[in-house]
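Trainee: I have a new model to read. Can we go through it step by step?

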Amino acid sequence: MRKLTVRERVLLLLLAVIALVSGYVLLFYLPTTQRLESLNTQIAQSQELTAQLDARLASQQQMEKKLAQLSEQGAQVPYMPDYDNLQAVMVELHTILAGCQEYSLSFQSEQGENHVVSRRVSIPFTCSSYEQAKDILQKLHDSALRGLLGDMQLSQLENGTVKVSVTMTFFEYQAAEPAQEET
């Protein structure tokens with residue numbers, strides 16, 4: 001066997017160094033870097049989730065404080081009725097609108113989110129005066145059912161009657177539906 005020249009030894013040493021560096025990069029550095037990036041992403045997501053939960057907690061505590069203040073003042077907090085409260089909504093609206101010259105109710109499709117269903121109703125009605133229209137709108141606002149007055153238009157007709165068009169959204173609580181059993 002012949003002896004290696006200095007040049008061949010230097011090249012073999014260079015090859016060994018390159019192999020060691022490549023092995024370090026491929027087997028240690030890249031996986032560690034990827035793992036660190038993954039962990040940093042998880043930390044950022046956890047911090048974002050924590051911030052969201054802190055905001056929710058603060059909001060809930062603020063609502064509970066407000067409810068406690070209202071109950072101390074003796075104010076009656078309107079409750080949110082159970083889902084499919086259409087009969088009670090209709091009775092309430094007919095009672096409030098009984099003094100109108102004419103009215104109609106137009107129910108739009110229901111929308112639900114997080115166990116709260118919103119039932120939107122368009123209510124055009126005609127009454128004899130602005131004061132009566134104001135009184136009816138106040139009764140709608142102060143209704144015992146949980147609701148929110150929306151778009152509103154008032155116009156006085158030539159004969160002195162007032163035509164009002166208002167949208168009201170009623171809210172109802174829908175408990176989680178029980179899981180259906182397979183038969």
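Mentor: What follows is a set of short questions on this predicted model.

Trainee: How far apart are the end C-alpha atoms of α1, and what span should its 67 residues have?
Mentor: Helix α1 covers residues 6–72. At 1.5 Å a residue, its 67 residues should span 99 Å. That agrees with the distance between the end C-alpha atoms, 95 Å.

Trainee: Where is the kink in α1 centred?
Mentor: The kink is about 40 degrees. Its centre is at Val25.

Trainee: Which residue follows α1 with a positive phi?
Mentor: Look just past the helix. The phi there is near 85 degrees. The residue is Gly74.

Trainee: How is the aromatic pair of Tyr24 and Phe28 classed: stacked, edge-to-face or tilted?
Mentor: The model has 1 aromatic pair. The ring centres of Tyr24 and Phe28 are 5.4 Å apart, and the planes differ by 35 degrees. Stacked needs under 30 degrees and edge-to-face over 60, so the rest count as tilted. This pair is tilted.

Trainee: Why can Tyr24 and Phe28 be about one helical turn apart?
Mentor: An α-helix has 3.6 residues a turn, so residues three or four places apart point the same way. Tyr24 and Phe28 both lie in helix α1. Their separation, about one turn, comes from a spacing of 4 residues.

Trainee: What is the area of the nonpolar surface patch that includes Tyr29?
Mentor: Patch members need over 30% relative accessible area. Tyr29 passes because its value is 45%, and Phe28 passes because its value is 47%. With Tyr24, Leu26, Leu27 and Leu30, they make a patch of about 680 Å².

Key. Residues numbered from 1 in each chain as written. Predicted model: local features only at pLDDT ≥ 70, side-chain atom pairs only at ≥ 80, totals over all residues. Heavy atoms only, no water. Patch = residues over 30% accessible without salt bridge, like charges linked within 9 Å, V, L, I, M, F, W, Y side chains within 5 Å. Areas by Shrake-Rupley, 256 points an atom, 1.4 Å probe, with all protein chains shown as cover. Salt bridge = Lys/Arg side-chain N within 4 Å of Asp/Glu carboxyl O. Helix = DSSP H or I, 4+ residues; strand = E, 2+ residues; numbered from the N terminus. Buried < 20%, exposed > 50% of the residue type's maximum accessible area, 1.4 Å probe, protein only. Phe/Tyr/Trp six-rings, centres within 6.5 Å; stacked < 30°, edge-to-face > 60°. Expected span 1.5 Å × (residues − 1). Bend = angle between axes of the 7 residues up to and from the residue.
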